[in-house]
Amino acid sequence: MFRSGVFAVASACIALSCVTIAEAKVGVTSVTDGEPLGQPPTASERILRVGIDVQANERVTTKADDRAHVVFLDGTALTIGPNSVLVIDRYVYDPDRKTGDIALSTTRGVFRFVGGAISKNSEVTVKTPSATIGIRGGIAQIAVAESGATSANFLYGDAMRVTNLGQTTIATRSGSQIQVAPGEPPTKPSIIPRGQMPSTQPLEKRPAAAPLPGPAGARAPVNQNVVNQNIALQQNFVPNSPIMQPAPTTTTPTTTPILT
């Protein structure tokens, strides 16, 4: 009787430990736009507001006007663009050793990955319908079309490995691109031509539209301070440095001789 009770308690503890591991927090939602949805493994789907914990085995889904930015425990950052589906298949992290394992999978969408501590020691894998991508210590942008075709852009880091049909292509040069069509091996790395770098606009938060003061159709007055600040930012001025204004143009009056 006693042994049976002990066994039952031990079994319950093991089961509880498994649930705790399965539902462990692996990151947090730091920025959102729209109403991206998260589906934990053992909980109801909810909107990923800023500050909501993200769990292992969670499925993240975005619609046309949604974006989500997730920061993981090791410092890895993942931006999920519109019309995307992504699953955190595996996340293990040892904060003392700064090592671990990350495995993600997606069926469609656009994503930007910025590696943290884990990617400095081991590859982070991203599985798509047409490829398996390994990212080591770097930044990558991945787009998966509705057809399953994958475009992997290696922006910075040690290396990006793309595999399909038993063939592997590795990019080590920043600004390289590897494409994979369904049922085809990955292409050789090619340098993205100047001016054709994939746009990051789908991954950026939409700017809030400020209402115009005054009656409808009226033009808002120009705020010269804001204009000056924008000029400083565009010229990469150091914060709090004086704003350089163009020298005023002086017009010398012309004297017309008087005939007598």
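**Notebook: strands, pairs and confidence**

I began at strand β17, where I looked up the bridge partner of Q177 and found S190. The model I am reading is predicted, and I keep that in mind for each entry below.

**Entry 1: strands β13, β16 and β17**

I followed β16 to its partners. Strand β16 covers residues 176-180 and is mostly covered, with four of its five residues buried. On one count, two bridges join β16 to strand β17, residues 190-191, and these two strands run antiparallel. On another, β16 pairs with β13, also in the antiparallel sense, over five bridges. When I looked for one of the residue pairs between β13 and β16, I found S151 bridged to Q179 in β16.

I then turned to N153, which has its place in strand β13, residues 150-156. Is N153 buried or exposed? Its relative accessible area is 2%, and the cut-off for buried is under 20%, so N153 counts as buried. Its side chain is joined to the side chain of Q177 by a polar contact of 2.8 Å. Q177 therefore appears twice in my notes, once as the bridge partner of S190 and once in this side-chain contact with N153. I also noted for strands in general that side chains alternate between the two faces of the sheet when the strand is regular.

**Entry 2: D66 and its surroundings**

I next looked up D66, which is found in the loop between β5 (59-61) and β6. D66 counts as buried, with a relative accessibility of 4%. Which backbone nitrogen does the side chain of D66 reach at 2.8 Å? I found that of K63 at this distance, while the backbone nitrogen of E35 is reached by the side chain of D66 at 2.9 Å. Setting aside neighbours within four places in sequence, I listed the contacts of D66 as D33, G34, E35, P36, I80, G81 and P82. D33 is on that list, and I took it up in the following entry.

**Entry 3: salt bridges**

How many salt bridges does the structure hold? I found eight, and I looked at some of them in detail, knowing that side chains of opposite charge can pair when their charged atoms come close.

In one of them D33 pairs with R67, with 3.2 Å between the closest N and O atoms. This pair links distant parts of the chain, with D33 in strand β1 (residues 25-33), R67 in strand β6 (residues 67-72), and their positions 34 residues apart. I checked how covered the two partners are: D33 is buried at a relative accessible area of 7%, and R67, at 11% relative accessibility, counts as buried.

In another, R97 and D94 form a salt bridge whose closest N and O atoms are 4.0 Å apart. Here R97 counts as exposed at 67% relative accessibility, whereas D94 is partly exposed, with a relative accessible area of 27%.

I also looked up E123 and R161, whose side chains meet in a salt bridge at 3.0 Å, N to O. E123 lies in the loop between α2 (117-121) and β10 (124-127) and R161 in strand β14 (residues 159-164), so this pair ties together parts that are 38 residues apart in sequence. E123 counts as partly exposed at 27% relative accessibility, and R161 counts as partly exposed at 35%.

**Entry 4: the aromatic pair**

I found one aromatic pair in the structure. It is formed by F72 and Y91, which are stacked, with 5.4 Å from centre to centre and 20° between the planes. This pair links distant parts of the chain, as F72 is in strand β6 and Y91 in strand β8 (residues 85-94), 19 residues apart. I looked up the accessibility of each ring's residue, and F72 counts as buried at 5%, as does Y91 at 11%.

**Entry 5: confidence**

My last check was on the pLDDT, which averages 79 over the protein chain, with 66% of the residues scoring at least 70. Over residues 1-22 the pLDDT is below 50, and this stretch has three contacts in the model beyond near neighbours in sequence. Over residues 209-256 the pLDDT is again below 50, and here I noted 12 contacts beyond near neighbours in sequence. Where pLDDT is low, predicted coordinates should not be read in detail, so I left such stretches without closer notes.

Key: Residues are numbered from 1 along each chain as its sequence is written. This is a predicted model: local features need pLDDT of at least 70, side-chain atom pairs count only at pLDDT 80 or more; totals for chains, interfaces and linings use all residues. Side-chain values use heavy atoms; hydrogens and water are left out. Buried means under 20% relative accessible area, exposed over 50%, partly exposed in between (1.4 Å probe, protein chains only). Rings of Phe, Tyr and Trp (its six-membered ring) pair if their centres lie within 6.5 Å; planes under 30 degrees apart count as stacked, over 60 as edge-to-face and the rest as tilted. pLDDT is the predictor's confidence in each residue, from 0 to 100. Contact means heavy atoms within 4.5 Å. A polar contact is a pair of N or O atoms within 3.5 Å; within protein, one must be able to donate a hydrogen and the other to accept it, and residues adjacent in sequence count only if both atoms are side-chain atoms. Two strands pair if DSSP finds at least two bridges between them.
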